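Colleague: I am new to this one. Can you take me through it, a question at a time?

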Amino acid sequence: EPIDTRSICMKNGRIFFHRFKSYLGCLDAANGKPVWRKTPQSDPHLFDVLGSYLEQRQSWQSNWRTTAYTRCSEEVLYFAGPQVDKTIAVSTEDGRLLWSHPYNNYQLIIFDNALYGISGPERAFLDTKVDQRSKKFDPLSGEELVSFDMSRRACARVTATSEAIFARAMGGSQRLDLASERLHYLSPMRPTCFDG
């Protein structure tokens, strides 16, 4: 079955790919040989957590279906976006499930020592029992290290530098300073919808 190209990642000479309810795999980029492959038959729990493709999540609130929903670091594949009903972390080593978080509208920023999930703008259509603030996670365990009140406005992508995370705000942009974990408002500029 065809690969969902919004799930393709490459890191350290390995290519990762996914298709809902069918497979999650890893290839050696040098020779094309499989490193590992998971299917609903070989790992039913993983595919239960990954769930089904969310067809109805086509809106500016959840950031459009065109966005890539898989990101990778050296050790972790992360699933989050309008196609996925939670935030999920899977090992790049062997495809085992590491952790999941019930909130389903984060855009992710990956650093060596932390994963940041920046929350979506509209919360009424989501489960109000789940804490929907933006979070800093331990990348391997999923432990919530910090919660903060930064949420992106509209459909603009979240971006970052080594010192800060940027997201669109009402009438401007927000800058989360990583050293102080303080949020700043930048009024003169804002990104367009499909850019950061």
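Modeller: One definition before we start: a disulfide is a pair of cysteine sulfur atoms within 2.5 Å. This is a predicted model, so local features need pLDDT of at least 70 and side-chain atom pairs count only at pLDDT 80 or more, while totals for chains, interfaces and linings use all residues. Residues are numbered from 1 along each chain as its sequence is written, and side-chain values use heavy atoms, with hydrogens and water left out.

Colleague: How many disulfides does the structure hold?

Modeller: Take Cys 72. Its sulfur has its closest cysteine sulfur in Cys 9, 4.2 Å away, which is too far for a bond. The count of disulfides is zero.

Colleague: Is Cys 9 buried or exposed?

Modeller: The classes go by relative accessible area: buried is under 20%, exposed is over 50%, and partly exposed is in between (1.4 Å probe, protein chains only). Cys 72, at 16%, is buried. Cys 9 has 9% relative accessibility, so Cys 9 is buried.

Colleague: Which strands stand at the edges of the open sheet of four strands?

Modeller: Strands here are DSSP runs (E, at least two residues), and helices are runs of H or I with at least four, both numbered from the N terminus. Two strands pair if DSSP finds at least two bridges between them. The order is S1-S2-S3-S4, with antiparallel pairing. Two strands have a single partner each, so one side of each lacks a neighbour in the sheet: S1 and S4.

Colleague: Which residue in S3 stands opposite His 18?

Modeller: S2 and S3 run antiparallel and are joined by six bridges. Opposite His 18 stands Leu 24.

Colleague: Which element gives the largest share of the largest nonpolar core?

Modeller: A nonpolar core is a set of buried Ala, Val, Leu, Ile, Met, Phe, Trp, Tyr and Cys residues joined through side-chain atoms within 4.5 Å. The largest one has 17 residues, and Leu 24 and Ile 88 are among those that touch the most other members. S3, H1, S6 and S7 each give two or more residues. The largest share, four residues, comes from H1.

Colleague: Which residues does Ile 88 touch?

Modeller: Contact means heavy atoms within 4.5 Å. Residues up to four places away in sequence are not counted. That leaves Val 49, Leu 50, Leu 77, Tyr 78, Phe 79, Leu 97, Trp 99 and Ser 100.

Colleague: How many residues are in the other core?

Modeller: That core lies apart from the largest one. Its members include Phe 111, Ile 118, Ala 167 and Leu 176. The number of residues is 12.

Colleague: How many residues apart in sequence are the parts that Arg 19 and Glu 1 tie together?

Modeller: A salt bridge is a side-chain nitrogen of Lys or Arg within 4 Å of a carboxyl oxygen of Asp or Glu. Arg 19 and Glu 1 meet in one, at 3.3 Å from N to O. Arg 19 lies in S2 and Glu 1 in the segment before S1, so the parts they tie together are 18 residues apart.

Colleague: Which partner of Glu 181 is buried?

Modeller: Glu 181 forms a salt bridge with Lys 136, at 3.4 Å between the closest N and O atoms. Glu 181 is in the loop between S15 and S16, and Lys 136 is in S11, so this pair links parts 45 residues apart in sequence. Glu 181 is partly exposed, at 33%. The buried partner, at 18%, is Lys 136.

Colleague: How many salt bridges does the structure hold?

Modeller: Some share partners: Asp 131, Arg 133, Lys 135 and Glu 144 are joined into one network. Another salt bridge pairs Arg 96 with Glu 93 at 3.8 Å, N to O. The count for the structure is 11.
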